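Got your viewer open? Let's walk through this protein together, one selection at a time.

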Amino acid sequence: MADALTTPRVPATTDAGGADAGDAEAQGAQAQGAQAKGAQAVYGGARRRARLLARAAPWTALLLRRTLALVLLAGAWEVLPRAGLVDPVFVPPLSQVLLAWWDLLLGGQLAQHFEASLIRSLGGFGLAIAVTIPLGLAIGWYRPVADFLNPVLELFRNTSAVALLPVFILILGLGEPSKIVFVFYACSWPILLNTISGVRTVEPLLVKSARSMGLGPLRLFQKVILPAAVPTIFTGIRMAGAHSILVLLFAEMVGAKAGLGYLVQDSQFNFRIPDMYAGIITISALGLLFNLLLLRVERRFSTWRTV
C-alpha cells in the first residue's frame, strides 16, 4: 500500500505523441496527394495542348500554302514601287492604297458605291436564278419544250451581253432597270446551260432503276433527276456569280453616278490612282466573298455527295 502511494506517476504523453505523429503522417499524405494531383493536372494540360497543336498543324500548313502566294504578291506590290522598279505614280505601294481605301471607308464614299453595286448585282443575279433554273429544268426534262426553244437559245447564247448593252440603255434608259437587266442577261446563260446539262447527264441507270420501282414522272423528277443535277446547277450559279460582278462594272463605267465601276473610272479620270486601286481591291474582295457564300450554299444542298 505504501509502495503504491510512493510510486511516482508517469505522465501520459505516449498517446498524445502518437496522435501528433498520426496527424503529421496524414498531413504528409495529403500534401503528397495534392502534389500528385497537381502533377497530373500539369501533365494532362500538356497532353491536351499537344493534341490541340497536333490537330492544328495540318490546318496551319494548309493556311500557309493557300495564303503564301497572296503574301508574296502583297510584299512585291509594296517593295517594287519603293525600290523604283515600278513607277510609283502609276503603281503606288500597297500601304498607300490601303490608306486610301481606309479614307474612302471613313468618308462614306466606299459604302455608298459598294451598296449601289451590290443591289444591282444581287438584283440581276437573283432574277436570273428565279427564271433560268425552272426554264433549264423544263428544257432538259421535256423534249417538246427543248425543240421549241432551242433555235432562240442558240441565237442569243452567241450574242455578247456587252453588245446588247446599248440596246438595254436605249429601251430602259440609264437608270437602274437597264443595269439589272444587263446583269440578268449575262448571268442567265451559265445557269441555264448548266441546268440543262445537269438534267440531261443524269446516270441512265438511276432513271431505269427508279422507273422499275414504279416511280411516276413527277416523283422521278423530284427524287432522282433534281438531286442528281444539283452539283452541275451550282457550278453554273457560281459562274453566274462572277459574271454578275464583272459585267456590272462595265455597265457602271458606261452610265452611272455610283457604284464600284464608277469609282474606278472616276478615280482614273481625276488621277486619284490610290483610290482607283482601292476600288479594284474592293471588287476583288466582293467577288471572293460571293464565291465563298455560294460554296457554302452548295455544300448545304449537296450534303448527300459526302456520304
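Start at the positive patch on the surface: select helix H2 (14–83) and helix H11 (273–301), each of which supplies at least two residues of that patch. Keep in mind as you look around that this is a predicted model.

**The charged patch**

Now show the side chains of Arg65, Arg66, Arg296 and Arg299, which gather in a patch of positive charge on the surface. Click on Arg299, which lies in helix H11. Is Arg299 buried or exposed? With a relative accessible area of 55%, Arg299 is exposed, because exposed here means over 50%.

**The whole chain**

Zoom out and switch to a cartoon view. You will find 11 helices and 0 strands, and reading along the sequence gives the pattern α-α-α-α-α-α-α-α-α-α-α. Of the 307 residues, 30% count as buried. If you display contacts with a separation of 6 or more, residues 24 or more positions apart account for 73% of them. Turn on the surface as well: the accessible area comes to about 19600 Å², and 68% of that belongs to carbon and sulfur atoms.

**Salt bridges**

How many salt bridges does the count come to? The count is 7. Select Arg120 and Glu252 to see one of them, where the closest N and O atoms are 2.8 Å apart. This pair links distant parts of the chain, with Arg120 in helix H4 (residues 109–141), Glu252 in helix H9 (residues 217–254), and their positions 132 residues apart in sequence. Both Arg120 and Glu252 are buried.

For a salt bridge within one helix, move to Arg157 and Glu154, whose side chains meet at 3.3 Å, N to O. Both residues lie in helix H5 (residues 143–157), 3 residues apart, which is about one turn of the helix. Arg157 is partly exposed at 39% relative accessibility, and Glu154 is partly exposed at 41%.

Next, select Asp266 and Arg272, a salt bridge with its closest N and O atoms 3.1 Å apart. Asp266 is partly exposed, with a relative accessible area of 24%, and Arg272 also counts as partly exposed, at 30%. Before leaving the salt bridges, add Glu176 to your earlier selection of Arg120 and Glu252: salt bridges that share partners join these three residues into one network.

**Helix H10 and the loop after it**

Select helix H10 (residues 260–269) and pick out Val264 within it. Val264 is buried, with a relative accessible area of 9%. Which residues does Val264 touch, leaving aside those up to four places away in sequence? They are Met253, Met276, Gly279, Ile280 and Ile283. Try a distance label between Val264 and Met276: the two are 12 residues apart in sequence, yet 4.7 Å apart in space, C-alpha to C-alpha.

Stay in helix H10 and select Ser267. Ser267 is buried, with a relative accessible area of 0%. Beyond residues up to four places away in sequence, Ser267 touches Arg272, Asp275 and Met276. Two of these names will be familiar: Arg272 is the salt-bridge partner of Asp266, and Met276 is also touched by Val264.

For the last stop, select Phe271 in the loop between H10 and H11. Check its backbone torsions: phi of Phe271 is near 55 degrees, a positive value in a residue other than glycine.

Notes:
Residues numbered from 1 in each chain as written. Predicted model: local features only at pLDDT ≥ 70, side-chain atom pairs only at ≥ 80, totals over all residues. Heavy atoms only, no water. Helix = DSSP H or I, 4+ residues; strand = E, 2+ residues; numbered from the N terminus. Buried < 20%, exposed > 50% of the residue type's maximum accessible area, 1.4 Å probe, protein only. Contact = heavy atoms within 4.5 Å. Patch = residues over 30% accessible without salt bridge, like charges linked within 9 Å, V, L, I, M, F, W, Y side chains within 5 Å. Areas by Shrake-Rupley, 256 points an atom, 1.4 Å probe, with all protein chains shown as cover. Salt bridge = Lys/Arg side-chain N within 4 Å of Asp/Glu carboxyl O. Lys, Arg positive; Asp, Glu negative; His and termini not counted. Charge placed at Lys NZ, Arg CZ, Asp CG, Glu CD.
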